[in-house]
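Me: I would like to learn how to read an interface between two parts of a structure. Could you walk me through one?

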Amino acid sequence: MKHTSYLALKYLVVLAWSAFVVFPFLWMLSTSFKSANGVTGGATWLPWLQYEPSTAGWSALFGGPGGVNILRPYLNSVIVTLSASALSLVLGTLAAYGLSRFTFRAGPVRNGDITFFFISQRIMPPIVLAIPFFLMLKTLGLLDTLTGLILVYIALLLPIAVWVMVDFFNSVPRGLDEMAWMDGCTPVVTFLRVILPNAMPGLVVAGMFCLIFGWNDFFFAFTLTFTKVQLLPVSIVALNSSVTPWWALSAAAIVSVAPLAVLAFVVERFLSRGGLAGAVR
Amino acid sequence: MTTTKTTVLKRALYAATALCLPAAAMAQDYSSYGIKEDVPGACSFAAIDAKDYSGRTLNIITHAIPVIGEPTALHAQQFQELTGATVNVVHVPFGDLFQRIMIPFQTGQAAYDVLFYASLWLGDFNPYFAEVPQSYQDSSGMMSVTPTYKGVATWNGKMLQYTMDGDRHYLKYRADVFENPEMQAMFKEKTGRDLTVPATWEEYNEVAAAFNDMDFDGDGQPNFGSAEVTKRDDLMFSAFISRVAPYAKHPDVKGGFFFDLETMTPLVNTPGWVHGLELFVEAQKSMPPGGTSFGLGDEIFSFGGGQTLMSYSWDDAFIQAMQEDSPIRNKVAAAILPGAHEVWNRDTGAWDHFDEPNRAPYVTWGWSSAVAANSQNQDMAFDYLCFFANEANTLSDLQIGRFGVNPYRDTHFDPAFYETEMGWDAAVAESYATTLRDIDGGANQVFDLRVPGVGEFMSSLAAGVARAMSGEASAQEALDGVAAEWGQIVDRIGADRVRAAYANVVALEDR
Amino acid sequence: MYRQKYLFLLPGLLVLVAIILFPLLFTIRVSFSSWDVYNPGLNWIGGDNFTRLLADSRYWQALVRLSLLTLATVTLQYVLGFGLALLVWRDIAARRLFRVLFLVPMMTTPVVMSVIWRTIFHESLGPLNPILDALGIGAQPWLSQAGHALAAVMIVEIWQWTPFMFLMLLAGLLSLPQEPYLAARIDGAGPIRTFLSVTFPMMAAISTGAILIRLIEASKLMETIYVLTSGGPGTSTETTSYYIYIRGMRDFQIGYSAALSLTYLVVMIVSLTVIAKALTRMVVKD
């Protein structure tokens, strides 16, 4: 009896949270098929019954009248996010392995301080970095280019990669390394042949965070480009005029979350296989 | 957004005809561009068609789509087809537009050739703009701009902005409710006076309160009294100034509305301002749920969707109400902003009584455009702007409400245009065109504070007003705080510098 | 062979330093200038910006408000995330579906989602109040009363970022060894005692890390505030980052906002260090 009520409570909580999670998505889906008249009469959910459906919100994203075409920005976002994430992941994994396995010392600075230095780069409010980054890219001739954005995004993503991977490597037994060393492997070979193949779960988590933060950045993508290079969030926001187009922004929110939602399935697979064991210890 | 490639066939055709015939003699049909007919002149379709900018690129920054952003892109596309230039357009929400323009300016980066922005920023942007060449000032399109909007475009005697829009605040109300005998009777019973279009802000508040939270249009949904822009950093300052103006802008007192031009003392905590704020605070009880944090978008939906009885700000809400499929199409009307019977006279330090309410129309915001001084393509940039604003394009843009291009030429104030071209009822067209014309030609206008640091002044003002609105401070305390901050800002920028800039605004008001 | 250790650390460290060094030094330099909308450039005004900042009560109020808001939000995220992770850890049907579902909010774009949330909280046109009405709770003044507006901001943050805690803690749970649980069962420990004496201590290290990162990220709360409330009603939802945004990007007081940011950076580093120490001590004591 006690067990049953516990079970009922458990499902109740899980379902309640699921409802909370899904609610905005359902609202977006419904809203994305409305027009101004479907919005100004109060909240409605069901097309045809409660409001006259319209595809204006969706066509506004794909070059329809009074819209933008997000295809090119979408591609730009993919390029920038993937490149910056990959580079951050490589550099971050190497640095994290070094910080996890070796002792570095420079004056009072120890490993822990170096790790904190990496993470602390995320504290600064982005607003204040706009002008220095702008001047830096201007000097390098990289304003309004994909390369310039990739460079800046590395500064945003590398700290995350380092943080996740340090924790991950700390949980991988040192015995693995030592065995390889005794076999005569250099640290580099050890890392490549022995540690890296076992590091997939950590890489998945770190990679996921890099992709999320890279894909969703608006501020730098906005400040450091002019007219030639536009990323997805910037081109979506181009629809947010005096009249807030609830419909187009809802459609845009769905379109922009789609690729990352696929990522959630990948991450979950690793999670459920127990593959993430140690990814975050 | 990069506008798509030239429609090759069309271009080839135009190129061919341009070769065969001298441009002046040609009476070509450009109606495929959505205009009724080309209007001859230096900026006409034919004149632009005769130019060749192939191989050159024009970079444009503009507002988000559709307001101003969509016509920018449309005319960019046309310009591209007519001249062979490549035109790149980027669209930015208004809240982020200022910084997006200012950062390249201040760091010396030539990022954009053409800029569309809010005209009140001219005080900050003027050092970076190229003067409109005399030949464009003499074009028929520019000659027919009303003096008000030519004034807005001018800075220290130079025309720096290319006028392509006219904006002002005015009152919008539900004509069907005001004319409904039942509603008139109900109002009479509640207040003891006849229901009239509010002539003062006290009346506005009274009418709004009387019709608040009832179903006055019989659609089963509750209606409310007033929709106003009240969200702190979302143009609320404009709404507030509209409410303050008639109490604080005495027709006989010259020399400044925001500051006393001589001493540069802020006037924001003088009795006229304080009274305006008290009425704004009081009006909160007649707003829809959440109406005390409405942004402009919410205000447009609220009035334009038929939720509220009255509203005042720019054209958008009115246009929304007049959409083809709108449930309240032809049930709305426009009027000049309410006025005040009691007006503060800062010369005498006393309230003056006006039997006929004092009106002080607020000519605010207004999209405008300019060419960057560091642009390498000024010739092409000015050609683009004069093409954007040519008579044929403007008449076509005026008819598409979401474009946000609003009347700024004498010819635009003709009610017949809205009646025949847009299918408005005669009464609606009449009230709209007359209201706009009266504001344009009216005396005692108030203009935006177009001085360096306007963003700082307005965010300080909005923060103070928000404190009073939320009850954190009384109206007087809140505005005293604003006045103190304004004093500090003036000190920081330098009183002479602000005064020199503000003199331009005062000159417009006192002309 | 230990010389090879630099091959690991230096590429990442040097790249980061190369990218971040100029912006950091520049920001420090700018904070001693009066760069603003009318005086662009690096003049020298000494510590004027910092003196002004000390007397800027709006800034300090925003900082206090941010601290409370962040601590409350992150605590709630942690508790909820931990609870949800425990619930879908084992013995539940369709657990893989729930796990994916619980992750997705974190992947939405904040700058777009905040607009969607504003439509949800819209008091007369949004979907939330009719639902609350139907449930008998009644419509709420979501964005027009100070307390409600703070709650609305917290709800958005909790919706979006509880998944972060959930992921970190679930991954931790799934990697726990079995032995301690067998031992606890032999001791006859109930579920609550098992949680307190076995699960929680083993999850302490990972909890500390996740909490610290969330504190850093949550403190940057800006976009949501801007769209939902613009810091209102009054100043009741104004946070530090939003205030810096207003001063920096709206007012374009670049010098002053640099000073605000550097002060914020120092405050954050100090308090994060203290919090990290405190959390670690709690862990060790347990």
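Reply: Happy to! This is a predicted model, and it counts 12 residue pairs in polar contact between chain A and chain B, both residues at pLDDT 80 or more.

Me: Which helices of chain A supply at least two residues each to the side that touches chain B?

Reply: They are α2 (36-40), α6 (126-140), α11 (219-223), α12 (232-237) and α13 (246-272). Of these, α6(A) gives the most, with 5 residues. By type, the side of chain A that touches chain B has 20 nonpolar, 14 polar and 2 charged residues.

Me: How many salt bridges are there between chain A and chain B?

Reply: The count is 0.

Me: And how do I describe the size of an interface?

Reply: People often give the accessible area lost when the parts come together. Here, chain A and chain B bury about 2,900 Å² between them, with 61% from carbon and sulfur atoms. In terms of contacts, 36 residues of chain A meet 36 residues of chain B.

Me: Can I read two domains of one chain like this too?

Reply: Yes, let's try chain C, which is divided into domain 1 (1-30) and domain 2 (31-285). Their C-alpha centres are 29 Å apart. The two domains of chain C bury about 720 Å² between them, 70% of it on carbon and sulfur atoms.

Me: Which three residues supply the most of the area that domain 1 of chain C buries against domain 2 of chain C?

Reply: Ile28(C), Arg29(C) and Val30(C), which together supply 72% of that area. The rule finds 0 salt bridges across this interface, while 8 residue pairs are in polar contact, both residues at pLDDT 80 or more.

Notes:
Residues numbered from 1 in each chain as written. Chains lettered and ligands numbered in written order. Predicted model: local features only at pLDDT ≥ 70, side-chain atom pairs only at ≥ 80, totals over all residues. Heavy atoms only, no water. Contact = heavy atoms within 4.5 Å. Buried area = accessible area lost by both parts, 1.4 Å probe. Salt bridge = Lys/Arg side-chain N within 4 Å of Asp/Glu carboxyl O. Polar contact = N/O pair within 3.5 Å; in protein donor to acceptor, adjacent residues only side chain to side chain. Helix = DSSP H or I, 4+ residues; strand = E, 2+ residues; numbered from the N terminus. Nonpolar A, V, L, I, M, F, W, Y, C, P; charged D, E, K, R; others polar. Domains from an automatic or database assignment.
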